[in-house]
Amino acid sequence: MKGSVFLWDPSTNEWVRGLVEPLASVFAALTHLGDGALLLVLGVLIYWFGALESRRDRVFVIAVGVAALALSAGLKGVVQLPRPELAFAPEGYPGYSFPSAHAMGSSAFYGALAVTVEWSTRLRRYLLAGSVIVIVAFSRVVMGVHYLGDVVVGVALGLALVAIGVWTRDEGLFEPGPMFALAVVIAVVAALLGSRVFLTLTLGASIGGLVGWHYIEDRSTTQSGAAVLVLGSVTLVGIAVLRLVSILVGVAATDGAFTPVAFFGEIVGYTVLTAAVLLLPWVAITIEDRPLVRRLQSQLPFSKRTVNVETTQRSD
């Protein structure tokens, strides 16, 4: 009991803050390594421009990220724990405290990268990923936006999602489909329990990922990096516009007063955009021979369509 009190005691934040007070601004900057927007962009870019032969692994990373988003948002909406009240915490910081989405998201994303990417040795990958995860989690406590218990649970759940993916590998291959399906289940259960935190986003992204991966799993994709770049730019603009419309309409920001048309419209929008992200390398085949695409392909530093960092020999 005393341990749980310690984990959710504002005085613990004050003690941790006191240990690193001169470096508080550094941790405030490093916390952005766990920002959802950054992880989303990194995951999409790695998927679009990674080596062709490791596509399944890269979609798995996205699937783990979506599952982590659904789990963290669902728990926040169900538990609704207020953030710590501390003098050094940012004023008016939005959202709930439990669990830390930054801690869970960074654990899921960087952990999934560490177990899938073919770079250096396993030990080095795990040490690098672990260092980033610890820094992000620690920064949330230092900033005063989360209790220590929030980040401990967030890290544990994020790594648990990665462990589920590793455990369910089939002949050494990661399966994104079951992870997207798990994300759908988590989002639906959270909704039934009353959560409304990012509900349209988590439902739409989970369903879109499941449908998109099922469709593209056995299909060929383009070798033109320029074709991916052209279509990808349009897709990213679409994601930004949809999020902006969501904020302006206020569907996710209202106190449970969802407009049915806007609610289901957002779910459909996020479903389509997530599926589009996965389908894009396949759709890009249709514009490979366009003059603009061929010109970009010859001028930009593409090797075929990828920077083939995953093709190096893995040394474990």
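# A guided tour of an all-helical predicted model

Asp-9 is a suitable starting selection: with a relative accessibility of 25%, Asp-9 counts as partly exposed. The residue sits in the loop that links helix 1 (2-7) to helix 2 (10-19). Add Tyr-147 to the selection: although 138 residues separate the two along the chain, their C-alpha atoms lie 6.9 Å apart. Please bear in mind throughout that this is a predicted model.

**The whole chain**

Next, display the entire protein as a cartoon. It contains 13 helices and zero strands. Of its 316 residues, 46% count as buried. Contacts between residues at least 6 apart in sequence are of interest here, since 82% of them join residues at least 24 apart. If a surface is drawn, the protein exposes about 15600 Å², of which carbon and sulfur atoms supply 69%.

**Thr-31**

Select Thr-31, in the loop between helix 3 (24-30) and helix 4 (36-49). Is this residue buried or exposed? Thr-31 counts as buried because its relative accessibility is 2%, below the 20% cut-off. To see what surrounds Thr-31, show His-102, Val-136, Ser-139, Arg-140 and Met-143, its contacts once neighbours within four places in sequence are set aside.

**Helix 5 against helix 9**

Now select helix 5 (residues 55-79) together with helix 9 (residues 176-192). Their axes come within 8 Å and cross at roughly 10°. Helix 5 is therefore roughly parallel to helix 9, angles under 35 degrees being classed in this way. The crossing of these two helices is left-handed.

For the contact itself, show side chains on both helices. Helix 5 contributes Arg-56, Val-59, Phe-60, Ile-62, Ala-63, Val-64, Val-66, Ala-67, Ala-70, Leu-71, Gly-74 and Val-78. From helix 9, these meet Pro-176, Met-179, Phe-180, Ala-183, Ile-186, Ala-187 and Ala-190. Coloured by class, the residues of the contact between helix 5 and helix 9 comprise 17 nonpolar, one polar and one charged.

**Helix 5 against helix 10**

Keep helix 5 and exchange helix 9 for helix 10 (residues 199-216). Here the axes are 9 Å apart and the packing angle is about 160°. Helix 5 is thus roughly antiparallel to helix 10, the class for angles over 145 degrees. The crossing of helix 5 and helix 10 is also left-handed.

On the helix 5 side, select Arg-55, Arg-56, Val-59, Val-66, Leu-69, Ala-70 and Ala-73; on the helix 10 side, select Leu-201, Thr-202, Ala-205, Ser-206, Trp-213 and Ile-216. By class, the contact of helix 5 with helix 10 holds nine nonpolar, two polar and two charged residues.

**Backbone details in the loops**

Move to the loop between helix 5 and helix 6 (101-116), where Pro-99 is found. Which type of peptide bond joins Phe-98 and Pro-99? The bond is cis, with omega at about -10°.

The loop between helix 5 and helix 6 also holds Gln-80. Although not a glycine, Gln-80 has a positive phi, near 55°. Gln-80 counts as partly exposed because its relative accessibility is 40%.

The last selection is Phe-198, in the loop between helix 9 and helix 10. Phe-198 is likewise a residue other than glycine with a positive phi, of about 50°. Its relative accessible area of 36% makes Phe-198 partly exposed.

Key:
Residues are numbered from 1 along each chain as its sequence is written. This is a predicted model: local features need pLDDT of at least 70, side-chain atom pairs count only at pLDDT 80 or more; totals for chains, interfaces and linings use all residues. Side-chain values use heavy atoms; hydrogens and water are left out. Helices (H or I, at least four residues) and strands (E, at least two) are DSSP runs, numbered from the N terminus. Buried means under 20% relative accessible area, exposed over 50%, partly exposed in between (1.4 Å probe, protein chains only). Contact means heavy atoms within 4.5 Å. Accessible areas come from the Shrake-Rupley method with a 1.4 Å probe; for residues, only the protein chains shown count as cover. Axes are lines fitted to C-alpha atoms, for helices over the stretch in contact, and angles run from 0 to 180 degrees between N-to-C directions. Angles under 35 degrees count as roughly parallel, over 145 as roughly antiparallel, 65 to 115 as roughly perpendicular and the rest as oblique. A crossing is left-handed if the near helix is turned anticlockwise from the far one by less than a right angle, and right-handed if clockwise. Ala, Val, Leu, Ile, Met, Phe, Trp, Tyr, Cys and Pro count as nonpolar, Asp, Glu, Lys and Arg as charged, and the others, Gly among them, as polar.
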